[in-house]
Amino acid sequence: MNSNILEIENLHVHFPIHIGTVRAVENVTLDLSQGEVMGLVGESGCGKSTLGFSILKLLRPPGIIAEGQIRYHGHNIVEMSERELLGIRGKRIAMIFQDPLTSLNPLFRIGDQFVETIQAHESGVSKKDALERAGYMLKRLGIAPDRLHEYPHQMSGGMRQRIMIGIALVLNPDLLIADEPTTSLDVIVEAQFLDLLNELRQQFNLTILLISHNIGIVAQMADRVTVMYGGRLAETGSVEAVFADPKHPYTQGLLTSIPNIKLDQTQLHTMPGAPPDLVDPPSGCVFHPRCPRVMDKCRREIPLSFNDKGHLAACWLYG
Ligand code: SF4
């Protein structure tokens, strides 16, 4: 039996603008199985957040899914109507965003924001019952239920982030998309948050797509990792395989760029060049202008994905 909860196949996401078409996601294929954590990493603008938003068809205009399928439990989300999506968005697939202060409504008490979420998806639930569920969820997140009467500005950054998770999980989704969930947190709160996410993953048997530019967090949390570059999938595999033996020169560069206190480094390693223009991307391999191992073929032909026991790299060095 196929245990994949999510299957993305040949996904293309485009943003037609006045100077051309931004090819934000190109030909991405990946899957997530029940209960696993997949880390999605890459530089800003590589398409990882766009991919996350596409899964819920929450692309900002003029973004469109130009091609491909996103199957959730075998049902193609791309072909679903807005009405059909209402039964999935928030209820079966939840998302937490980068900044909890802007994601929570400052004008409403925390309790009311829980009630609104529950009542929008489950008709017939009274306000009293919804608040009871919200209080129970807060307790599990280590926040006293009486704080449901407070407004977001009365909470610390870490508490707001936990409340965002609570609102995301109160409907018992089976897939959580976490888009840079620790960006606005300091290191101590970040560590607490990651512990909590791990705990909730066990409790709820959650599948998590963890989008982050922070490789350390992905190494700590994820079972598998996917590296994106220029809207394309560069490499994917188990965290152990990719981090111990990165195949793609971009992944190698990313890992070398992480500061290491054990090494006597006088200078930080950086990757020369800049991310590609996605309106007019380079021919062949999109990474070729920055690649230290570029070959003639790389400038002409888009590399195929070579698969070594589930460790995939889109690079002409293999095959
Ligand atoms: Fe570098 Fe060529 Fe591999 Fe692209 S295909 S990453 S340019 S070696």
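**Salt bridges, sheets and cores in the predicted model**

In this predicted model, Glu36 and Arg224 form a salt bridge in which the closest N and O atoms are 2.6 Å apart. Glu36 lies in the loop between S2 and strand S3 (37-41), whereas Arg224 belongs to strand S9, so the pair ties together parts that are 188 residues apart in sequence. With a relative accessibility of 10%, Glu36 is classed as buried. Arg224, by contrast, has a relative accessible area of 21% and is partly exposed; buried residues are those under 20%.

Arg224 also meets the side chain of Asp31 in a salt bridge, with an N to O distance of 3.2 Å. This pair likewise links distant parts of the chain, Arg224 being in strand S9 (residues 224-229) and Asp31 in strand S2 (residues 20-33), 193 residues apart. Asp31 is partly exposed, at 29% relative accessibility. Arg224 of S9 is thus bridged both to Asp31 and to Glu36.

A further salt bridge is found between the side chains of Glu150 and Arg147, at 2.8 Å from N to O. Arg147 is partly exposed, with a relative accessibility of 21%. Elsewhere, Glu7, Glu9 and Arg71 are joined into one network by salt bridges that share partners. The count of salt bridges in the model comes to 16.

The loop between S2 and S3 also holds Gln34. The relative accessible area of Gln34 is 35%, which makes this residue partly exposed. Leaving out residues up to four places away in sequence, Gln34 touches Ser3, Ile5, His73, Asp174, Asn205 and Thr207. Gln34 and Arg71 are 37 residues apart along the chain, and their C-alpha atoms are separated by 13 Å.

Strand S2 is paired with strand S1 (residues 4-17) in the antiparallel sense, through 10 bridges. The connection from S1 to S2 is a hairpin of two residues. Within this pairing, Leu6 has Leu32 of S2 as its bridge partner. S1 is also joined to strand S4 (residues 64-72), again antiparallel, by seven bridges. Here Glu9 has Gln69 of S4 as its bridge partner. Glu9 therefore takes part both in the S1 to S4 pairing and in the salt-bridge network with Glu7 and Arg71.

Eight strands make up an open sheet with mixed pairing, in the order S6-S7-S8-S3-S9-S10-S12-S11. Its edge strands, each paired on one side only, are strand S6 (93-96) and strand S11 (305-308). On average, neighbouring strands of this sheet are turned by 20 degrees against each other, direction ignored. S9, the strand that holds Arg224, stands between S3 and S10 in the sheet order. Strand S10 (residues 232-238) pairs with strand S12 (residues 311-314) over two bridges, in the antiparallel sense. In this pair, Thr236 stands opposite Leu312 of S12.

The loop between helix H9 (239-244) and helix H10 (249-256) contains Lys247. Lys247 counts as buried, at 18% relative accessibility. The side chains of Lys247 and Asp245 make a polar contact at 2.8 Å. Neighbours within four places in sequence aside, Lys247 is in contact with Glu235, Gln252, Asp308, His311, Ala313 and Tyr318.

In soluble globular proteins, nonpolar side chains tend to be buried together. The largest nonpolar core of the model has 61 residues, of which Ile96, Phe114, Ile163, Ile165, Leu169, Leu176 and Leu210 touch the most other members. Beyond its neighbours within four places in sequence, Ile163 is in contact with Leu104, Ile110, Phe114, Leu138, Ile143 and Met155. Another core, of 32 residues, lies apart from the largest one and includes Leu51, Ile70, Met80 and Leu175.

Leu51, a member of this second core, is among the buried residues of helix H1. Six of the eight residues of H1 (residues 48-55) are buried, so this helix is largely enclosed by the rest of the structure. The buried residues of H1 are Lys48, Thr50, Leu51, Gly52, Ser54 and Ile55. Just after H1, Lys57 adopts a positive phi of about 50 degrees.

Terms used
Residues are numbered from 1 along each chain as its sequence is written. This is a predicted model: local features need pLDDT of at least 70, side-chain atom pairs count only at pLDDT 80 or more; totals for chains, interfaces and linings use all residues. Side-chain values use heavy atoms; hydrogens and water are left out. A salt bridge is a side-chain nitrogen of Lys or Arg within 4 Å of a carboxyl oxygen of Asp or Glu. Helices (H or I, at least four residues) and strands (E, at least two) are DSSP runs, numbered from the N terminus. Buried means under 20% relative accessible area, exposed over 50%, partly exposed in between (1.4 Å probe, protein chains only). Contact means heavy atoms within 4.5 Å. Axes are lines fitted to C-alpha atoms, for helices over the stretch in contact, and angles run from 0 to 180 degrees between N-to-C directions. A nonpolar core is a set of buried Ala, Val, Leu, Ile, Met, Phe, Trp, Tyr and Cys residues joined through side-chain atoms within 4.5 Å. A polar contact is a pair of N or O atoms within 3.5 Å; within protein, one must be able to donate a hydrogen and the other to accept it, and residues adjacent in sequence count only if both atoms are side-chain atoms.
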